[in-house]
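Subject: Handover of a structure for your study

Dear colleague,

Please find below the structure that I am handing over to you. I would ask you to keep it open while you read the notes that come after it.

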Amino acid sequence: MKIAKDTVVTVHYTLSDAQGNLIEEGQEPMVYLHGGYDNTLPKIEQALEGKETGFETMIQVEPEDAFGEYDPGLIKIEPRNRLPEPVEVGMQFEGAPEGEEEAETVIFTVTDIAEDKVVLDGNHPLAGMALRFKLNVANVRAATAQEIEHGHVHGEHGHDDDYEGDEGDHYRSRPIH
Ligand SMILES: [Zn+2]
């Protein structure tokens, strides 16, 4: 079966940066609903369109087509006493960007600690990076009517319909979490 709109694609992937340094070797394959449902990067869908099980390719995706350009405006400097102790570089906190109460929450990563100040970076860890995906198609099947209606994959790697309505339980096929 060829990959086309409303097929469910199982794909093994390896993610590297533009210099070929390994970022993530997908332990579990990505399973996504193909056809512009925003289940995976559009560039990945483009590369796989019309292909079949066994197809292998390597694509490079520029930052604007992946996790965006690095935004210096997402750096915040906070007094250390506003964060729980102990604070360490690499810790992550959820928060809303300054002055945007309605905005989606952002994951901030502690990137630096001075005596009484902490630097928080709200950029995606892969922002500003060109990424290389090595892709290997493991399976292609037709999506069910319900999967198409929901815009995501159900079943083995998906969510149980008993949990329907719980957004958090819906399978997200983003290769990066
Ligand atoms: Zn669903």
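The notes below describe what was found, beginning with the overall picture and ending with a single residue.

Please bear in mind that this is a predicted model. The average pLDDT of the protein chain is 85, and 82% of its residues score at least 70. Residues 162-177 should be read with caution, as their pLDDT stays under 50. For that stretch the model has 22 contacts beyond four places in sequence.

Overall arrangement

The protein chain contains two helices and nine strands. Along the sequence they follow the pattern β-β-β-α-β-β-β-β-β-β-α. The chain has 177 residues, of which 18% count as buried. Among contacts with a separation of 6 or more, 63% are between residues 24 or more positions apart.

Strand E1 and its partners

Strand E1 spans residues 7-17, and several other strands pair with it. Eleven bridges connect E1 with E9, and the two run antiparallel. One pair to look for is Thr7 with its bridge partner Ala142 in E9. E1 also pairs with E3 in the antiparallel sense, through four bridges; here Thr10 has Val31 of E3 as its bridge partner. With strand E2, which covers residues 22-25, E1 shares three bridges, again antiparallel. In this pairing, Thr14 is matched with Glu25 of E2. E1 and E2 form a hairpin with four residues between them, and Gly20 in the turn has a positive phi of about 90 degrees.

The largest nonpolar core

Which residues touch the most other members of the largest nonpolar core? They are Val8, Val9 and Tyr32, in a core of 19 residues. Two or more residues of this core come from each of strand E1, strand E3 (30-33), helix H1 (42-48) and strand E9 (131-142). Val9 illustrates how distant parts of the sequence meet: beyond its neighbours within four places in sequence, Val9 is in contact with Ile3, Tyr32, His34, Leu48, Val137 and Val140.

The four-stranded open sheet

Four strands form an open sheet in the order E5-E8-E7-E6, with antiparallel pairing. Strand E5 (75-79) and strand E6 (92-95) are at the edges; each has a single partner strand, so one side of each is left without a neighbour in the sheet. From one strand to the next, the twist averages 40 degrees. E6 is joined to strand E7, residues 106-113, by four bridges, and the two run antiparallel. Within this pairing, Phe108 in E7 is the bridge partner of Phe93.

One residue in detail: Leu131

Leu131 is found in strand E9. Is Leu131 buried or exposed? Leu131 counts as buried because it has 23 C-beta neighbours inside 10 Å, where the cut-off for a buried residue is 20 or more. Apart from neighbours within four places in sequence, Leu131 is in contact with Leu15, Asp17, Val61, Ala66 and Leu126. Leu131 and Gln19 are 112 residues apart along the chain, yet their C-alpha atoms are separated by 9.0 Å.

I suggest that you locate each of these residues in the structure as you read.

With kind regards

Note on methods
Residues are numbered from 1 along each chain as its sequence is written. This is a predicted model: local features need pLDDT of at least 70, side-chain atom pairs count only at pLDDT 80 or more; totals for chains, interfaces and linings use all residues. pLDDT is the predictor's confidence in each residue, from 0 to 100. Two residues are in contact if their C-beta atoms, placed from the backbone, lie within 7 Å. A nonpolar core is a set of buried Ala, Val, Leu, Ile, Met, Phe, Trp, Tyr and Cys residues joined through C-beta atoms within 7 Å. A residue is buried if 20 or more other C-beta atoms lie within 10 Å of its own, exposed if 12 or fewer, and partly exposed in between; C-beta atoms are placed from the backbone. Two strands pair if DSSP finds at least two bridges between them. Axes are lines fitted to C-alpha atoms, for helices over the stretch in contact, and angles run from 0 to 180 degrees between N-to-C directions.
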